[in-house]
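This briefing walks through one protein chain and its ligand, topic by topic. Keep the structure in view while reading.

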Amino acid sequence: MGGRESIWPKPCRPPRHEGIARHALDAMNPPERRPVSPSLRDAWPDDEVHLWKIQLDWPESVLARFRRDLSVEEQQRADRFVFDKHRRRYVVAHGAMRSVLSRYLGCDPRQVEYQTNSKGKPAIKPGLGDGILQFNLSHSEEVALLAVTQGRAVGVDLEQVREFSGRDGIVEKQFSAAEWEEFQRVPPPLRNEAFTLGWTRKEAFVKALGEGLSCDLRAFSVSLTPGEEPRLVHIDPSLEGRGPWALGHIDPEPGFCGALVVAGSGFVVRERVWSPEV
Ligand SMILES: CC(C)(COP(=O)(O)OP(=O)(O)OC[C@H]1O[C@@H](n2cnc3c(N)ncnc32)[C@H](O)[C@@H]1OP(=O)(O)O)[C@@H](O)C(=O)NCCC(=O)NCCS
């Protein structure tokens, strides 16, 4: 398990590629899981947000172990993927999430139970642990991020920076007027990155709210210019909810960017790297 800390809200975006250290997947020969995992709840200050990075491409031996921990519903969902690669990544993401959450809850991974709100946001089922654990998951290609807090609403989003078909149309129709104007000021070679920054920040916010994409994405504005401070520029009063909100930039690894939105301020983000023996 690796880790580093940062105080939020961050004053500015960290230099590119200064994210969590890349995992040496090739060199790894994962040991068998320990029968009793040490608790992650001990000595966890309540102002600390944990951000786990999970690599999703692992050999079949690791997959088999995590598949056994999934609920019947999760196993059925895994089996519905058309492509094997997607099935495998789903199994690892959800198996790893169970493994991590079980250690905060002090139970076996198979005992972790979720409930979802009307928009699909999962939460820990009441009655498990002390009821304050909150989390959010995002995955893109071979990487996932899992944010965990004590009582703070949280949303995380991760995307690969790439060419998006219909990019400019999405900015015109789904982004706010202020975001559209800022996007026009970004030099064209940086617009794929600007779009990804804007999109992940917007998704992280609607995921923190628990609304997902059912939320009116034009009812709030985020900054999106590469290299500039990540900011929630404006939030329509109808969306304020449990705010104030803090928005931060994540550089999980080259070619990806992400965003984390957490309710409140004055907290520390501790970044951790998940591996099967954790
Ligand atoms: C949530 C949503 C924004 C995810 O965006 P995405 O970039 O495709 O996916 P990400 O990898 O970032 O996040 C997916 C994870 O977010 C979580 N999630 C799902 N719905 C969520 C919501 N409303 N709010 C916050 N998190 C949510 C889940 O853990 C999900 O993981 P899973 O798909 O492996 O189970 C989008 O799918 C959405 O809006 N869904 C809601 C659809 C809806 O309104 N459904 C209502 C009927 S159920």
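Strand 2 (residues 48–55) and strand 6 are antiparallel partners, joined over six bridges. The model shown here is predicted. The protein chain has six helices and 12 strands, and 39% of its 278 residues count as buried. Among contacts in the protein chain with a separation of 6 or more, 66% are between residues 24 or more positions apart.

**Strand 6 and its partners**

- Where strand 2 meets strand 6, Gln55 has Val143 in strand 6 as its bridge partner.
- Strand 6 also pairs with strand 5, again in the antiparallel sense, over eight bridges.
- In that pairing, the bridge partner of Leu137 is Leu146 in strand 6.
- Strands of a sheet can pair in a parallel or an antiparallel way, and backbone hydrogen bonds make the pairing.
- Why is strand 6 described as largely enclosed by the rest of the structure? Seven of the eight residues of strand 6 (residues 143–150) are buried, so the description fits.

**The turn between strand 5 and strand 6**

- Strand 5 and strand 6 form a hairpin with two residues between the strands.
- Glu141 lies in the loop between these two strands.
- Most residues other than glycine have a negative phi.
- Glu141 is not a glycine, yet its phi is positive, near 50 degrees.
- Is Glu141 buried or partly exposed? Glu141 counts as partly exposed because it has 15 C-beta neighbours inside 10 Å, and a residue needs 20 or more to be buried.

**Trp274 in strand 12**

- Trp274 belongs to strand 12 (residues 268–274).
- Trp274 has 21 C-beta neighbours inside 10 Å, so it counts as buried.
- Trp274 and Leu146 are 128 residues apart along the chain, but their C-alpha atoms are separated by 9.7 Å.
- Apart from neighbours within four places in sequence, Trp274 is in contact with Trp52, Lys53, Ile54, Ala96 and Val100.

**The nonpolar core**

- In soluble globular proteins, nonpolar side chains tend to be buried together.
- The largest nonpolar core here has 63 residues. The members that touch the most others are Leu145, Leu146, Ala147, Phe205, Ala208, Leu260 and Val261.
- Which helix gives the most residues to this core? Helix 3 (residues 84–105) does, with 10 residues.
- Phe205 touches Gly155, Phe220, Leu232, Trp245 and Val261, when residues up to four places away in sequence are not counted.

**The open sheet of three strands**

- Three strands make up an open sheet in the order 7-11-10, with antiparallel pairing.
- Strand 7 and strand 10 (245–250) are the edge strands, each of which pairs on one side only.
- From one strand to the next, the twist averages 15 degrees.
- Six bridges join strand 10 to strand 11 (residues 256–263) in the antiparallel sense.
- Within strand 11, Gly258 stands opposite Ile250.
- Helix 6 lies across strand 7, strand 10 and strand 11, and runs at about 150 degrees to strand 7.

**Glu159 in strand 7**

- Glu159 has its place in strand 7.
- Glu159 counts as partly exposed because it has 19 C-beta neighbours inside 10 Å, whereas 20 or more would make a residue buried.
- The C-alpha atoms of Glu159 and Gly255 are separated by 8.7 Å, although these residues are 96 residues apart along the chain.
- Leaving out residues up to four places away in sequence, Glu159 touches Ser140, Thr196, Trp199, Thr200, Phe256 and Cys257.

**Around the ligand**

- How many residues surround the ligand? There are 17, and the closest are Gly120, Lys121, Ser138, Gly212 and Leu213.
- Strand 5 (133–140), strand 7 (154–160) and helix 6 (191–209) are the elements that give two or more residues to this shell.
- Strand 5 gives the most, with four residues.
- By class, the shell holds four nonpolar, eight polar and five charged residues.

How values were computed. Residues are numbered from 1 along each chain as its sequence is written. This is a predicted model: local features need pLDDT of at least 70, side-chain atom pairs count only at pLDDT 80 or more; totals for chains, interfaces and linings use all residues. A residue is near a molecule or strand if its C-beta atom, placed from the backbone, lies within 6 Å of it. Ala, Val, Leu, Ile, Met, Phe, Trp, Tyr, Cys and Pro count as nonpolar, Asp, Glu, Lys and Arg as charged, and the others, Gly among them, as polar. Two strands pair if DSSP finds at least two bridges between them. Axes are lines fitted to C-alpha atoms, for helices over the stretch in contact, and angles run from 0 to 180 degrees between N-to-C directions. Two residues are in contact if their C-beta atoms, placed from the backbone, lie within 7 Å. A nonpolar core is a set of buried Ala, Val, Leu, Ile, Met, Phe, Trp, Tyr and Cys residues joined through C-beta atoms within 7 Å. A residue is buried if 20 or more other C-beta atoms lie within 10 Å of its own, exposed if 12 or fewer, and partly exposed in between; C-beta atoms are placed from the backbone.
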